[in-house]
Amino acid sequence: MQPRNMSMSGVVDLAAVKAAQEAKAKAEQARAEAARQGGGPGAVSPADLVIDVDEAAFEREVLQRSTEVPVVIDFWAEWCEPCKQLSPVLERLAVEYNGRFLLAKIDVDANQMLMQQFGIQGIPAVFAVVAGQALPLFQGAAGEQQIRQTLDQLVQVAEQRFGLTGLTVDPDAEPGGGQAAAEAAPAGPYDALLEAAVRALDSGDFGGAVQAYKNVLSEDPGNPEAKLGLAQAELLQRVGGLDPQQVRKDAAEKPADVQAQIAAADLDLVGGHVEDAFGRLIDAVRRTAGDDRDTVRLRLLELFEVVGADDPRVAAARRALARALF
């Protein structure tokens with residue numbers, strides 16, 4: 001299979017600009033705090049730059065770590081002959097790039113859910129995750145020169161748009177030191193508030209959960225857990241008092257009523273009909289203008305936060321939104 005277009009131009013779409021700015025601000029804040037305390041993140045060994053990841057560890061090892069370093073994902077399988085040619089090149093380059101990106105290897109036979117979530121039709125397939133944003137790099141075999149060009153563009157995008165400068169590599173560090181240091185780190189300053197918010201959600205106190213998440217964000221505006229939790233809590237709070245039958249009736253009878261379409265999209269999402277929710281609001285964007293269009297667009301961005309930036313349905317909807325707007 002021939003590699004797809006490996007250009008990084010345009011991979012960060014319009015709807016991701018806000019996320020990029022927040023990720024950059026958070027990275028700068030973390031560096032400033034590390035400098036204030038007279039230190040920085042623990043150094044990792046070259047062996048720590050290539051890791052095996054499964055579904056259970058994906059959030060911790062890929063999504064969370066992508067806020068400090070670009071994570072390149074190599075989807076492979078034991079039976080895949082092109083994978084046996086590509087994977088060693090990626091592993092060697094991960095060490096050569098000296099912490100400018102982290103290579104996560106995912107066996108698709110053992111992790112089919114991740115393969116489905118990324119919409120992979122064939123392997124080898126290579127993606128990157130930067131500050132929670134999933135970026136397709138290429139599929140199929142590729143030459144080393146092409147791979148280097150793509151990686152160079154990736155690290156440039158990560159640094160310029162997201163403020164991610166990579167990991168510190170110490171050849172003398174013990175393998176696993178970076179992860180061990182992370183696990184030994186003290187609890188964060190907002191853990192108690194975040195736990196209180198989760199308890200409020202579990203008990204149905206959506207207003208309490210909203211306030212708890214807002215308390216975190218007032219001190220740490222880029223906190224990813226609080227941002228996601230707030231979006232979820234606000235959604236549940238909105239739909240709590242709705243009459244689903246009446247909402248569906250209004251949406252069907254009043255296609256030009258912005259609030260009717262927004263309420264129906266909220267119900268769609270809570271019911272698990274993600275693409276229906278996104279499609280409804282994108283259609284409303286096409287039909288509206290001015291303040292009404294902006295109201296719909298902002299609600300759609302809120303629903304993106306609920307689903308998560310790494311979900312391929314969000315990426316597809318963002319592209320459709322851009323087309324509807326321009």
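How exposed or buried is Asn98? I looked this up before anything else. Asn98 comes out at 45% relative accessibility, so I filed it as partly exposed. The cut-offs I used: under 20% is buried, over 50% is exposed, and partly exposed is in between. Note to self: this is a predicted model.

**Entry: odd backbone angles**

I stayed with Asn98 for a moment. Asn98 sits in the loop between α3 and β3 (102-107). Its phi is positive, about 55°, though Asn98 is not a glycine. I wrote that down because most residues other than glycine have a negative phi.

Then I checked Ala131. Ala131 also isn't a glycine, and its phi is positive at about 50°. I found Ala131 in the loop between β4 and β5. Is Ala131 buried or exposed? Its relative accessible area is 16%, so Ala131 goes down as buried, since buried means under 20%.

Next I looked at a peptide bond, the one that joins Ile123 and Pro124. That bond is cis, with omega about 0°. I made a note of it because most peptide bonds are trans. Pro124 belongs to the loop between α4 (112-117) and β4.

**Entry: strand β4 and its partners**

Pro124 led me to strand β4, which covers residues 125-130. How many residues of β4 are buried? I got six of six, so this strand is mostly covered, going by the under 20% cut-off.

Which way do the β4 residues point? Ala125, Phe127 and Val129 go one way, while Val126, Ala128 and Val130 go the other, and all are buried. That fits the textbook, because side chains in a regular strand alternate between the two faces of the sheet.

I then looked for the strands that pair with β4. Strand β2 (residues 71-76) runs antiparallel to β4, and five bridges join them. Strand β5 (residues 133-139) is also antiparallel to β4, with six bridges. I picked Ala128 to follow across. Ala128 is the bridge partner of Val72 in the β2 pairing, and on the β5 side Ala128 has Leu135 as its bridge partner.

β4 and β5 make a hairpin with two residues between them, and Ala131 with its positive phi is in that turn. So that's where the Ala131 from my earlier entry belongs, because its place is the β4 to β5 loop by the strand assignment I used.

**Entry: salt bridges**

How many salt bridges are there? The count is 18. I went through a few of them.

Glu81 and Lys84 meet through their side chains, at 3.4 Å from N to O. Where are they? Both are in helix α3 (residues 81-96), three residues apart, which is about one turn of the helix. Glu81 is partly exposed at 48% relative accessibility. Lys84 is partly exposed too, at 43%.

Asp283 and Arg286 form another salt bridge, with the closest N and O atoms 2.8 Å apart. These two lie in helix α12 (residues 274-287), again three residues apart and about one turn of the helix. I have Asp283 at 36% relative accessibility, partly exposed. Arg286 is at 48%, also partly exposed.

Arg60 and Glu61 were my next pair, with a salt bridge of 3.6 Å from N to O. Here the two ends don't match. Arg60 is partly exposed at 39%, whereas Glu61 is buried at 11%. Which residues are linked with them in a network of salt bridges? The network has Arg60, Glu61, Arg65 and Glu68.

**Entry: a negative patch, and a meeting across the chain**

Which residues make up the patch of negative charge on the surface? I listed Glu59, Asp191, Glu195 and Glu225. I looked closer at Asp191. Asp191 is in helix α7 (residues 191-203), and I put it down as partly exposed because its relative accessible area is 32%.

Last lookup of the day was Gln64, in helix α2 (residues 58-64). Gln64 is partly exposed at 47% relative accessibility. How far is its C-alpha atom from that of Pro224? I read off 9.1 Å, although Gln64 and Pro224 are 160 residues apart along the chain.

Conventions:
Residues are numbered from 1 along each chain as its sequence is written. This is a predicted model: local features need pLDDT of at least 70, side-chain atom pairs count only at pLDDT 80 or more; totals for chains, interfaces and linings use all residues. Side-chain values use heavy atoms; hydrogens and water are left out. Patches are made of residues with over 30% relative accessible area and no salt bridge: like charges are joined within 9 Å, nonpolar side chains (Val, Leu, Ile, Met, Phe, Trp, Tyr) within 5 Å. Accessible areas come from the Shrake-Rupley method with a 1.4 Å probe; for residues, only the protein chains shown count as cover. A salt bridge is a side-chain nitrogen of Lys or Arg within 4 Å of a carboxyl oxygen of Asp or Glu. Lys and Arg count as positive and Asp and Glu as negative; His and the chain ends are not counted. The place of a charge is taken as NZ of Lys, CZ of Arg, CG of Asp or CD of Glu. Helices (H or I, at least four residues) and strands (E, at least two) are DSSP runs, numbered from the N terminus. Buried means under 20% relative accessible area, exposed over 50%, partly exposed in between (1.4 Å probe, protein chains only). Two strands pair if DSSP finds at least two bridges between them.
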